[in-house]
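Trainee: I would like to learn how to read a structure that I have not seen before. Could we go through some of its features together, one after another?

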Amino acid sequence: MENTRVKTRASTASVAGTPSPASLVGDTPVLWVPELWTGEEERGFWAKLEGCNPGGIKDRPALHMIEQARLRGELQPGRAIIESTSGTLGLGLALAGIVHHHPVILVSDPGLEPLMHRLLRAYGAHVETVGAPHPTGGWQEARRRRVGELLAEHPGGYCPDQYSNPDNVSAYQGLAQELADRLDRLDILVCSVGTGGHSAGVFGALRELRPSVRLVGVDTVGSTIFGQPARARLMRGLGSSIHPRNVAYRAFSEVHWVAPGEAVWACRRLAAGRYASGGWSVGAVALVASWLARSEPAGTQIAAVFPDGPERYFDTVYNDAYCAEHGLLEVKPEPEPDEIAHPREAEVVRWTRCATVVDPVKDAEERT
């Protein structure tokens with residue numbers, strides 16, 4: 001059976017006893033994806049389709065972070081939720097605001113897709129857009145600084161701070177349980193890395209259930225998370241210009257960086273061959289998971305987390321004009337990644353693998 005569900009869906013109910021929108025989160029399907037280059041059915045991986053949540057994977061941490069903040073008294077009834085987002089967490093926070101009756105103020109940047117901006121507004125969120133990147137921290141730091149200003153303007157406002165909030169990690173225990181319930185054995189988990197929440201959370205919980213599992217991280221070129229220099233990035237949803245403290249560096253056995261054209265190829269290959277795809281993170285994760293399926297011994301069980309679906313990327317990943325303008329069309333990845341021995345060895349510009357994973361902040365401190 002290719003597509004299955006496990007019964008761990010959230011059970012949040014409304015005051016009247018009827019299911020709330022939060023009950024739609026979780027219990028996402030698992031789909032078998034054949035190896036992308038050849039389509040070989042026997043070599044492939046399991047994809048966890050988190051795009052089947054109402055807003056994507058970050059519905060899980062958004063609901064959990066807000067529920068925990070309310071329980072601790074950090075977020076009082078009716079007070080504003082204020083956070084920085086590139087899109088997906090914003091959808092989750094809009095859902096949490098509806099469920100728990102809080103106004104939601106989101107800070108994004110000009111890269112936010114028009115569709116996402118309109119959806120967030122339709123779901124009742126107020127969206128602010130910062131005008132310029134921070135000189136060293138890029139758009140993310142500019143967004144975070146505006147969040148700080150908004151918190152001062154809204155007494156009692158609460159910022160979940162997805163980059164360092166441990167609730168962002170613990171929110172993924174359900175996803176790990178769903179994978180364990182479906183797969184009797186799991187050897188490798190492949191996750192994209194942005195805030196570090198879902199890679200740390202899923203792997204940490206899964207390791208308790210499947211102790212031999214390994215974690216492979218997937219980042220974008222131009223991201224600082226694993227020690228590369230910060231550069232302008234097309235891909236949203238993974239990567240960072242700052243160093244999120246939720247990243248569990250010691251958990252990763254290796255990291256891969258993927259370029260935008262390579263992710264586009266994988267997204268479109270998935271869509272045409274499996275009728276299941278998503279955005280930049282999905283393409284990057286699928287590329288790496290498929291390579292692992294070819295490279296690891298036959299029978300290796302690999303699971304990849306697909307954070308969202310394709311809808312918000314209709315005007316980027318799936319728009320030929322956009323892809324042609326950015327040189328992303330007709331980019332077929334090489335069958336093997338480049339390899340470097342250490343993140344400081346070279347700046348990567350295409351799909352590259354590194355088996356040495358370091359916390360760049362601690363690495364810099366140790367070298368001074």
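Trainee: Which backbone nitrogen does the side chain of Asn53 reach?

Mentor: Please keep in mind that this model is predicted. The side chain of Asn53 reaches the backbone nitrogen of Gly26, at a distance of 2.8 Å. Asn53 itself has its place in the loop between strand E2 (44–49) and helix H1 (59–72), and, leaving aside residues up to four places away in sequence, Asn53 touches Leu24, Val25, Gly26, Thr28, Asp59 and Arg60.

Trainee: Does Asn53 count as buried or exposed?

Mentor: The idea is to compare relative accessibility with a cut-off, and buried means under 20%. Asn53 has a relative accessibility of 3%, and therefore counts as buried.

Trainee: What does the same reading give for Thr300, and where does Thr300 lie?

Mentor: Thr300 lies in the loop between helix H9 (280–295) and strand E9 (302–306), and because its relative accessibility is 17%, Thr300 counts as buried. Its side chain reaches the backbone oxygen of Pro297 at 2.6 Å, while Arg185, Asp187 and Ile188 are the residues that Thr300 touches when those up to four places away in sequence are not counted.

Trainee: How should I read the sheet, and what is the order of its strands?

Mentor: In general, strands of a sheet pair through backbone hydrogen bonds, and the pairing is either parallel or antiparallel. Here, 8 strands form an open sheet with mixed pairing, in the order E1-E2-E9-E6-E7-E8-E11-E10. Strand E1 (30–34) and strand E10 (338–340) stand at the edges with a single partner strand each, so that one side of each has no neighbour in the sheet. On average, and with direction ignored, neighbouring strands of this sheet are turned by 25° against each other.

Trainee: In which sense do E8 and E11 pair?

Mentor: Strand E8 (residues 252–258) pairs with strand E11 (residues 352–354) in the antiparallel sense, over 3 bridges, and His256 stands opposite Arg353 in E11. Helix H8 (residues 260–274) packs on the sheet, where it touches E1, E8 and E9, and the direction of H8 makes about 105° with that of E1.

Trainee: At what angle do helices H6 and H7 pack?

Mentor: Helix H6 (residues 173–182) and helix H7 (residues 197–209) pack at about 40°, with their axes 8 Å apart, and these two helices are therefore oblique to each other. The crossing in which H6 passes H7 is right-handed. Among the residues that make the contact are Leu175 and Leu179 of H6, together with Val202 and Leu206 of H7.

Methods. Residues are numbered from 1 along each chain as its sequence is written. This is a predicted model: local features need pLDDT of at least 70, side-chain atom pairs count only at pLDDT 80 or more; totals for chains, interfaces and linings use all residues. Side-chain values use heavy atoms; hydrogens and water are left out. Helices (H or I, at least four residues) and strands (E, at least two) are DSSP runs, numbered from the N terminus. Buried means under 20% relative accessible area, exposed over 50%, partly exposed in between (1.4 Å probe, protein chains only). A polar contact is a pair of N or O atoms within 3.5 Å; within protein, one must be able to donate a hydrogen and the other to accept it, and residues adjacent in sequence count only if both atoms are side-chain atoms. Contact means heavy atoms within 4.5 Å. Two strands pair if DSSP finds at least two bridges between them. Axes are lines fitted to C-alpha atoms, for helices over the stretch in contact, and angles run from 0 to 180 degrees between N-to-C directions. Angles under 35 degrees count as roughly parallel, over 145 as roughly antiparallel, 65 to 115 as roughly perpendicular and the rest as oblique. A crossing is left-handed if the near helix is turned anticlockwise from the far one by less than a right angle, and right-handed if clockwise.
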